[in-house]
Amino acid sequence: MSRKSAVPTQHDLTGGGLGNDPAWRQELRCAIRDPYELCRRLRLPEAVADESAAAVDGFPLFVTESYVSAMRPGDVDDPLLRQVLPRRQEKDPTPGFIQDPLAESTVQLRSGLLQKYHGRALLIVTGACAVHCRYCFRRHYPYAESPKTITDWEPALQRLASDASIHEVILSGGDPLTVVDGRLAQLATQLAAIPHLERLRIHSRLPIVLPSRVCKEFLTWFCSNRLKPVMVIHANHSHELTGEVAVALESLSQRGVMLLNQAVLLAGVNDTFDTQRELCERLVMLGVTPYYLHLLDPVAGSAHFDVSEAKGKAIIDELRTMLPGYAVPRLVREEPQSPSKTVIR
Ligand SMILES: *Cc1c(COP(=O)(O)O)cnc(C)c1O
Ligand code: SF4
């Protein structure tokens, strides 16, 4: 498996054939890719950028201006910066941290279509993301082999149409919302035409890292569809939930989108009770139910983010005594052969 960069390609950036370039795509195109630029922007010492530049290989720095603007300038330990800045430790090989920890290469039904669990199947719409999260379990996924155009989707769509046990399709990636609305709307129309499908779920970090992505065009196709819209966002820290993000989330809940959050438990980012409590409380106030808190998948290059299961359990137990039941996420781990996520707490 190659370490394929997931920076949006020219193909992704021109797809859809729409003349006007929406604001969110302009911001995506201007995303920061250079550690020196990021460090200047955050008033961090050049040595930090030197280390970062040396650590980068197939999975470069990539972060939107929206996300950078929520970081604290001058703080090398900022919890948002830590999620996106390449560090020296990524190069340390750690036993047990491997390229495809979830063995996803074995659950592929068709090119770009994965099914691990009963009743729902996952479409890998694109490999591109609007940020590169250093702990990401998809950093080694062979995106180059996934479908690119609507006709490339035919085999996956036919497979979905032929299996009446599938009731929900999850658009995933990469980040599916890096793809233009014209192309996603076409895909959604074809999915809505499959009678046994009931729900369309999107897994996206864009409402957090590029809130302008929740635009009118997107809301129109996602919410005027026959399929019940569900969105699972990905916020790890309360600082990510800025005023602009709040506006984006509000426009989704106003349209009846069921909103859930999944987070990853990350050392130095959100591995304390207080950080988790702030995150969960703020999510609830924005109409988002904390859904999953994932233990880190043991992907090569991410060992420095690892938090023990015991610590995760202790945080959840404390949250449960302090918050309403609906504000406490399930602590889960993903295991290659399991019929669902494994609930730890
Ligand atoms: C996590 C995941 C899902 C969704 O699982 P839920 O428990 O329904 O949120 C579906 N397919 C795959 C391959 C997954 O990894
Ligand atoms: S965690 Fe999500 S947004 Fe971040 S790099 Fe991975 S797929 Fe992309």
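Select helix α13 in this predicted model and colour its buried residues: Gly 312, Ile 315, Ile 316 and Leu 319. They cover an arc of only 95° around the axis, which puts them on the same side of α13. Now turn to the face pointing away from that buried side, where the exposed residues Ala 310 and Thr 321 sit. For the length of the helix, take the C-alpha atoms at the two ends of residues 309-322: they are 20 Å apart, which agrees with the 20 Å that 14 residues should span at 1.5 Å a residue.

Next, show what lies over the buried residues of α13. The cover includes α12 (273-285), β8 (289-294) and β9 (330-333).

Move to α12. This helix has 13 residues, and the distance from its first C-alpha to its last is 18 Å, close to the 18 Å expected at 1.5 Å a residue. Which residues of α12 are buried? Select Phe 273, Thr 275, Gln 276, Leu 279, Cys 280 and Leu 283. These cover an arc of only 165° around the axis, which puts them on the same side of α12. An α-helix has 3.6 residues a turn, so residues three or four places apart point the same way.

Add the elements that cover the buried residues of α12, which include β6 (228-233), β7 (258-264), β8 and α13. The element β8 is thus to be kept on screen from the previous stop, as it is also among those covering the buried residues of α13. Before leaving, step just past the end of α12 to Gly 287, which takes a positive phi of about 85°.

Now select α7 (residues 154-161) together with α8 (residues 181-192). Their axes are 10 Å apart and the helices pack at an angle of about 25°. That makes α7 roughly parallel to α8. The crossing of the two is right-handed. To see the contact, show side chains for Glu 154, Leu 157 and Leu 160 on α7, and for Leu 187, Gln 190 and Leu 191 on α8.

Stay on α7 and pick out its buried residues, Ala 156, Leu 157, Arg 159 and Leu 160. They cover an arc of only 160° around the axis, which puts them on the same side of α7. What do the buried residues of α7 pack against? Show the strands β1 (108-110), β2 (113-117), β3 (120-124) and β4 (168-172), along with α8. Leu 157 and Leu 160 are buried, and both also take part in the contact with α8.

Keep α8 selected and bring in α10 (residues 216-223). The axes of α8 and α10 come within 10 Å and cross at roughly 5°. The two helices are therefore roughly parallel to each other. On the α8 side, select Asp 181, Leu 184, Ala 185 and Ala 188; on the α10 side they meet Glu 217, Phe 218 and Trp 221.

For the last stop, go to α4 (residues 46-55) and centre on Ala 53. Is Ala 53 buried, partly exposed or exposed? Its relative accessibility is 34%, so Ala 53 counts as partly exposed. Leaving aside residues up to four places away in sequence, Ala 53 touches Pro 35 and Tyr 36. Draw a distance from the C-alpha of Ala 53 to that of Tyr 36: the two atoms are separated by 8.1 Å, with the residues 17 apart along the chain.

Key: Residues are numbered from 1 along each chain as its sequence is written. Chains are lettered from A and ligands numbered from 1 in the order in which they are written. This is a predicted model: local features need pLDDT of at least 70, side-chain atom pairs count only at pLDDT 80 or more; totals for chains, interfaces and linings use all residues. Side-chain values use heavy atoms; hydrogens and water are left out. Helices (H or I, at least four residues) and strands (E, at least two) are DSSP runs, numbered from the N terminus. The expected span of a helix is 1.5 Å times one less than its number of residues. Buried means under 20% relative accessible area, exposed over 50%, partly exposed in between (1.4 Å probe, protein chains only). The arc is that of the directions from the helix axis to the C-beta atoms. Contact means heavy atoms within 4.5 Å. Axes are lines fitted to C-alpha atoms, for helices over the stretch in contact, and angles run from 0 to 180 degrees between N-to-C directions. Angles under 35 degrees count as roughly parallel, over 145 as roughly antiparallel, 65 to 115 as roughly perpendicular and the rest as oblique. A crossing is left-handed if the near helix is turned anticlockwise from the far one by less than a right angle, and right-handed if clockwise.
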